[in-house]
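Colleague: Could you take me slowly through a single part of this model, and then show how the rest is arranged around that part? Please explain each term when you first use it.

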Amino acid sequence: MPFQLSPCGLTYGGVSLFVVIFAVIPIARPLFKELDLPWHLFMAAFIFGAASLSMTMLPGTPQIQNIMPTKYMASSPTSAPLVGLTGAFIVATFNVFYFRYILKKAKAKGERYEETRSRRPRSRSAGLGTDAECVVEPDSAVVVLILLNVDIPYIKKDVVLALTGGVVACMILFWKVLCQCP
């Protein structure tokens with residue numbers, strides 16, 4: 001099972017964007033190093049996916065910006081899907097062109113990945129183990145989206161129930177992984 005960790009999948013699963021950044025940075029840094037991309041471009045890539053699209057624009061997300069109006073305005077998490085999808089398409093298109101522009105500009109300046117001076121390499125034993133031992137995929141987002149947006153008899157559409165269902169689904173799906181990791 002390959003290692004997959006998507007900021008969009010995490011935010012769609014109900015994880016706060018401010019928590020997601022701490023989960024993604026340890027994975028993004030080696031990728032940027034391997035691809036020899038300037039590290040200062042990380043935030044542009046992160047904001048492109050997680051902050052601009054899945055946190056605010058795509059319909060059905062369990063983020064607070066999408067859930068608060070459901071209580072006070074009698075709307076649903078999937079209200080105005082055409083507006084949300086249109087906005088997401090426009091922003092995604094702009095983000096792709098902008099990221100290509102800043103990447104080309106950085107390469108023209110000769111910018112490359114540079115390790116920060118204060119960064120000390122940590123041993124593998126201090127972390128969760130090797131990649132083969134601990135593999136997690138954020139598939140709970142599918143469970144959260146179903147519980148939050150699909151009419152299921154006898155189940156009230158509630159963000160707390162949807163997020164709890166996502167946690168339970170992760171515990172069931174990844175029980176072996178949870179038991180293996182220290």
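Modeller: In helix α2, the buried residues are L17, V20, I21, V24, A28, R29 and F32, where buried means under 20% relative accessible area, exposed means over 50%, and partly exposed lies in between, with a 1.4 Å probe and protein chains only. Helices are DSSP runs of H or I with at least four residues, strands are runs of E with at least two, and both are numbered from the N terminus. General geometry helps in reading such a list, because an α-helix has 3.6 residues a turn, so residues three or four places apart point the same way.

Before going further, please keep in mind that this is a predicted model, in which local features need pLDDT of at least 70 and side-chain atom pairs count only at pLDDT 80 or more, while totals for chains, interfaces and linings use all residues. Residues are numbered from 1 along each chain as its sequence is written, and side-chain values use heavy atoms, with hydrogens and water left out.

Helix α2 covers residues 17–35 and has a kink of about 40° at V24, shortly before the proline P26; the bend at a residue is the angle between axes fitted to the seven residues ending there and the seven starting there. After α2 comes D36, which has a positive phi near 55°.

The helix also takes part in the largest nonpolar core, which has 19 residues, and in which F32, F42 and F46 touch the most other members. A nonpolar core is a set of buried Ala, Val, Leu, Ile, Met, Phe, Trp, Tyr and Cys residues joined through side-chain atoms within 4.5 Å. At least two residues of this core come from each of α2, α3 (42–54) and α5 (81–108), and the largest share, six residues, is supplied by α2. As a general background, in soluble globular proteins nonpolar side chains tend to be buried together. If residues up to four places away in sequence are not counted, F42 touches I21, V24, I25, A28 and F32. Another core lies apart from the one just described, and its five residues include V144, L148, V159 and A162.

What kind of aromatic pair do F32 and W39 form? Their pair is edge-to-face, at 5.4 Å centre to centre and with 85° between the planes, and the rule is that rings of Phe, Tyr and Trp (its six-membered ring) pair if their centres lie within 6.5 Å, with planes under 30 degrees apart counted as stacked, over 60 as edge-to-face and the rest as tilted. F32 is buried because its relative accessible area is 9%, and W39 also counts as buried, at 18% relative accessibility. The rings of F94 and Y98 have centres 6.0 Å apart and planes at 10°, so this pair is stacked. F94 and Y98 are four residues apart in helix α5, which means that about one helical turn separates them. F94 is exposed, with a relative accessible area of 55%, whereas Y98 is partly exposed at 43%. The structure holds six aromatic pairs, and F32, W39, F42 and F46 form one aromatic cluster.

Helix α5 deserves a further look, beginning with N95, which is found in this helix and counts as buried because its relative accessibility is 14%. Contact means heavy atoms within 4.5 Å, and, leaving aside neighbours within four places in sequence, N95 is in contact with F48 and S52. Y98 and F48 are 50 residues apart along the chain, and their C-alpha atoms are separated by 9.8 Å. K107, also placed in helix α5, is partly exposed with a relative accessible area of 48%. With neighbours within four places in sequence left aside, K107 is in contact with D36 and L37, which brings us back to D36, the residue that follows α2.

Finally, how far can these details be trusted? The pLDDT, which is the predictor's confidence in each residue from 0 to 100, averages 76 for the chain, and 79% of the residues score at least 70. Among the elements of the chain, α5 has the highest mean pLDDT (91) and helix α1 (residues 7–12) the lowest (70). Over residues 119–136 pLDDT stays under 50, and, as a general caution, where pLDDT is low the predicted coordinates should not be read in detail.
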